[in-house]
Amino acid sequence: MLKVKIAGMSCQHCVKRVDNALKDLQGVVSAKVSVGEAVIDGNVSQDLVKETIEDAGYDVEEISAI
């Protein structure tokens, strides 16, 4: 599992955008997204998670395994 701190999110639209982007990634079993944070379960690289979130328009501050 990965825990991601995300900057630039301020509303439920932001949450939905990141949630949809992460759930489309191959290897993601589940993603729980809230304003400023995501917890991802599955077999996906941190680099791909970072790239996906940044492509959705937000900044990744930190990714850690939990």
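1. How are H1 and H2 oriented to each other? In this predicted model, the axes of helix H1, residues 12–23, and helix H2, residues 46–55, come within 9 Å and cross at roughly 140°. Angles over 145 degrees would count as roughly antiparallel and those from 65 to 115 as roughly perpendicular, with the rest as oblique, and H1 and H2 are therefore oblique to each other. The crossing of the two helices, H1 and H2, is right-handed.

2. The next point concerns the residues that form this contact. On the side of H1 they are Val18, Ala21 and Leu22, and on the side of H2 they are Val49, Thr52 and Ile53. Sorted by character, the residues of the contact of H1 with H2 comprise five nonpolar and one polar, with no charged residue among them.

3. It helps to place these helices in the chain as a whole. The protein chain has two helices and four strands, and a reader who follows the sequence meets them in the pattern β-α-β-β-α-β. Among contacts between residues at least 6 apart in sequence, 59% join residues at least 24 apart.

4. On overall dimensions, the C-alpha trace of the protein chain spans about 25 × 20 × 20 Å along its principal axes. A compact globule with 66 residues would have a radius of gyration near 11 Å, and the protein chain, with 10 Å, agrees with that expectation. Of the 66 residues of the chain, 38% count as buried.

5. Thr52 deserves a separate look, since a student can follow this residue from the helix contact into its surroundings. Thr52 sits in helix H2, and its relative accessibility is 12%, so Thr52 counts as buried, the cut-off for that word being under 20%. When residues up to four places away in sequence are not counted, Thr52 touches Ala21, Leu22 and Leu25. Thr52 and Asn20 are 32 residues apart along the chain, while their C-alpha atoms are separated by 10 Å.

6. Asp19 offers an example from the other helix. This residue lies in helix H1, and Asp19 is buried because its relative accessible area is 14%. Setting aside residues up to four places away in sequence, Asp19 touches Ala31 and Val33.

7. Two loop residues may be read side by side, beginning with Val35. Its place is in the loop between strand E2, residues 28–34, and strand E3, residues 37–42, and with a relative accessible area of 42% Val35 is partly exposed. Leaving aside neighbours within four places in sequence, Val35 is in contact with Met9, Ser10, Cys11, Gln12 and Val15. The C-alpha atoms of Val35 and Asn20, which stand 15 residues apart along the chain, are separated by 14 Å.

8. The other loop residue is Gly8, which is found between strand E1, residues 2–7, and H1. Is Gly8 buried or exposed? Its relative accessibility is 61%, so Gly8 counts as exposed, given that the word is used for values over 50%. Even so, Gly8 touches Cys14 and Tyr58, not counting residues up to four places away in sequence. From Gly8 to Asp41 there are 33 residues in sequence and 22 Å in space, taken C-alpha to C-alpha.

9. Asp41 itself lies in strand E3, and at 31% relative accessibility Asp41 counts as partly exposed. Which residues does Asp41 touch, not counting residues up to four places away in sequence? They are Met1, Gly27, Val28, Val29 and Ser30. Asp41 and Ala21 are 20 residues apart in sequence, and the distance between them is 14 Å, C-alpha to C-alpha.

10. A last remark returns to the helix pair. Ala21 and Leu22 belong to the residues by which H1 contacts H2, and both are also named among the residues that Thr52 touches, so that a student wishing to trace the contact by eye could begin at Thr52, which counts as buried at 12% relative accessibility.

Terms used:
Residues numbered from 1 in each chain as written. Predicted model: local features only at pLDDT ≥ 70, side-chain atom pairs only at ≥ 80, totals over all residues. Heavy atoms only, no water. Axes fitted to C-alpha atoms, helices over the stretch in contact; angles between N-to-C directions. Parallel < 35°, antiparallel > 145°, perpendicular 65-115°, else oblique. Left-handed = near helix turned anticlockwise from the far one by under 90°. Contact = heavy atoms within 4.5 Å. Nonpolar A, V, L, I, M, F, W, Y, C, P; charged D, E, K, R; others polar. Rg over C-alpha atoms; globule rule 2.2 N^0.38 Å. Buried < 20%, exposed > 50% of the residue type's maximum accessible area, 1.4 Å probe, protein only.
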